[in-house]
Each structure stands twice: as structure tokens, then as C-alpha cells.
Amino acid sequence: MSDTTETPDEKYSLRSVGRALDVLQALGAGSGKGMSVGEIAETIGVSRSTAFTLLQTMVARGFVADTRIGGARLYRLGLTLVHLGDRAVAEMGITQIATPILQQLTDATQLTSRLAVLDDGYAVAIGRVDAPGPFRMTASLGRRELPHCSAVGKSLLARLPSEQVMAILTRLGMPRRTEHTLTTQAALIEDLREIAARGYAFDNEEDNIGVVCVGAAVYDRTGDAVAAISVTCMKLGRSDADLHQLGSAVRAYADRISHLLGGPAHSALPPLD
């Protein structure tokens with residue numbers, strides 16, 4: 001009987017599969033311009049011939065793509081990974097992906113956090129993590145909210161073309177909920193421009209007096225805003241500086257969800273026309 005005991009990972013691992021995964025990780029960590037056989041071999045610690053054999057096998061399956069530039073052949077991640085990534089995200093669902101990040105946001109801010117999407121122009125919450133303690137500000141899941149006075153709604157509208165935004169506002173209307181509600185398309189479009197630039201939105205007592213929501217959009221790999229997250233707090237005792245600091249925090253957590261969806265951080269998005 002052997003004196004050595006293998007862990008399950010060691011016992012059932014295949015070196016060639018491990019090296020293939022090392023190749024994918026090396027390409028994923030690269031600049032995106034591609035890597036040569038020699039660079040990959042050095043990065044994963046194998047000979048050039050081994051690296052070349054691995055790469056040709058992976059190119060044949062679409063996991064790696066190769067491009068000739070001059071006399072050099074450079075390798076990058078293949079489109080098969082895109083299709084698999086899309087399938088993985090679809091199977092998991094954005095709520096399952098976002099919920100752990102919402103929990104982190106609530107833990108950090110001690111505020112109720114929400115995940116919402118646009119549905120026929122309305123903002124609809126599909127996920128929520130309640131704040132700790134006896135006093136909680138909660139909202140029903142699945143309830144349609146007018147986007148012009150909602151932080152999540154405005155976060156999502158901010159990345160849409162102006163014509164599409166105006167079509168939504170014309171169809172849904174812009175009723176006054178409080179004295180602070182924006183009730184003209186011109187005023188809201190101007191607000192949306194500022195939201196698109198800074199990356200987070202405020203519902204500053206626009207839906208309920210005394211209540212502030214701060215939201216930020218979540219992006220998929222195409223750069224489209226597919227959801228938004230927000231936190232809700234009381235306005236009393238919150239300065240404008242406090243709210244902007246909270247906005248930056250919400251934006252950072254939204255970027256984490258975007259990253260898990262394969263999307264860009266807000267700072268990496270091209271400016272809107």
C-alpha cells in the first residue's frame with residue numbers, strides 16, 4: 001500500500017487539460033492583442049512544441065483563434081467561449097448572479113438594495129436584499145414603477161437613445177408624484193445626460209417625500225444596460241456629498257455585476273452621442 005495519499009483533485013486531474021486551461025487563463029489575462037507561441041509557452045511554463053500542440057487542438061475546437069500578422073502568428077480567445085459564456089449566464093440568470101453582490105452592497109451600506117429591469121418601459125424590481133435591523137425600507141417585487149421618478153428607471157433610461165426615451169415617456173406619461181418630480185421631457189433628458197456621464201442616478205424625493213434612492217446600471221458584454229441596482233435611504237441628515245459618495249459606491253457594486261456578465265465597467269463605456 002502506498003504511503004502517499006492523493007487528494008481527489010490530484011487523483012483525477014489530467015495534466016493536458018490543466019495546461020489547456022492555463023492557456024485560456026493566459027490569453028484572458030493578456031492585452032487582447034494576441035500572444036505568440038513563445039509568449040504562451042513562457043507564461044504557462046511549457047516548451048514551445050507543447051504550447052503549439054495545445055494551441056492547434058484548441059484552435060480546431062474554436063476555443064482559441066489565431067491570426068497572422070506579418071510573419072508572426074498570434075493567438076487570442078476564440079468565439080466558442082463567447083457562446084459558452086452566454087449559455088452559462090442564461091442558465092444562471094441575472095438574479096442569481098446579482099444577489100450575492102446585492103448582499104455585499106447591503107452589508108456595506110446597511111441599506112436595502114434592489115435589482116430591477118425595464119419591462120415595457122416600466123422599472124420592475126426582480127431582486128431585493130433587505131437591510132438589517134428592525135427598521136427596513138422595503139418594496140414589493142414585480143411591481144411596475146414609472147421610470148421618470150425611479151433611480152433604477154432613470155439609470156436604465158440614461159443609456160437609451162433620446163428618441164426611445166421620449167417614446168417611453170410619451171406613452172407612460174410623467175405624472176407628478178411629489179413637488180420634486182421631474183414632469184417635462186426636457187428636464188428629464190437633461191438629468192439623464194448627467195446620469196450617463198457620472199454613472200449613477202438619484203430619485204431625490206421624486207417618488208416619496210423624505211425618501212432617496214440611488215441607482216446604477218448593469219451592463220452585459222454588448223455594453224447594453226440590462227438591469228440596474230439601487231439602495232434606498234431617508235433623506236434626513238444626508239448631504240449632497242453623502243449622496244454622491246453613496247452613488248459612487250452603488251456604481252462600483254454595479255460594475256462587479258457587469259463584470260460577472262462579461263460587460264464593461266461604466267468608466268469603459270463610450271460616451272453617448
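How many bridges join β6 to β7, and do the two strands run parallel or antiparallel? In this predicted model, β6 and β7 are joined by four bridges and run antiparallel. Within this pair, Ala 201 stands opposite Gly 215, a residue of β7.

The pair belongs to a wider arrangement, an open sheet of six strands whose order is β5-β4-β3-β8-β7-β6, with antiparallel pairing. Because β5 (144-145) and β6 (201-204) stand at the edges and have a single partner strand each, one side of each is left without a neighbour in the sheet.

**The protein as a whole**

Ten helices and eight strands are found in the protein, and the table below gathers some overall values.

| Property of the protein | Value |
|---|---|
| Share of the 273 residues that are buried | 41% |
| Share of contacts with a separation of 6 or more that join residues 24 or more positions apart | 56% |
| Accessible surface | about 14900 Å² |
| Share of the accessible surface belonging to carbon and sulfur atoms | 53% |

**The cavity**

When the whole structure is searched for cavities of 30 Å³ or more, one is found, and the space in the largest cavity comes to about 50 Å³. Strand β7, already met as the partner of β6, gives the most to the lining of this cavity, with three residues. Helix α9 (185-198) is, like β7 (211-219), an element that supplies at least two residues of the lining. Among the residues that line the largest cavity are Ser 155, Ala 158, Arg 159, Ile 195, Ala 196, Ala 216, Ala 217, Tyr 219, Arg 251 and His 266. By character, the residues of the lining divide into seven nonpolar, three polar and two charged.

**A loop residue, Gln 110**

Which elements lie on either side of the loop that holds Gln 110? The loop lies between α6 (94-109) and β3 (112-119), and β3 is itself one of the strands of the open sheet. Gln 110 has a relative accessibility of 47%, and it therefore counts as partly exposed, a class that lies between under 20% for buried and over 50% for exposed. If its neighbours within four places in sequence are left aside, Gln 110 is in contact with Leu 105, Ala 131 and Pro 132. Gly 133 is 23 residues apart from Gln 110 in sequence, and the C-alpha atoms of the two residues are 8.8 Å apart in space.

Key
Residues are numbered from 1 along each chain as its sequence is written. This is a predicted model: local features need pLDDT of at least 70, side-chain atom pairs count only at pLDDT 80 or more; totals for chains, interfaces and linings use all residues. Side-chain values use heavy atoms; hydrogens and water are left out. On a 1 Å grid over the protein atoms alone, a cavity is a set of points where a 1.4 Å probe fits but cannot get out, and a pocket is an open set with protein on both sides within 12 Å along at least five of seven lines; lining residues have an atom within 4 Å of a point. Grid points are joined across faces, edges and corners, and a volume is the space filled by probe spheres set on the points. Ala, Val, Leu, Ile, Met, Phe, Trp, Tyr, Cys and Pro count as nonpolar, Asp, Glu, Lys and Arg as charged, and the others, Gly among them, as polar. Buried means under 20% relative accessible area, exposed over 50%, partly exposed in between (1.4 Å probe, protein chains only). Contact means heavy atoms within 4.5 Å. Accessible areas come from the Shrake-Rupley method with a 1.4 Å probe; for residues, only the protein chains shown count as cover. Two strands pair if DSSP finds at least two bridges between them.
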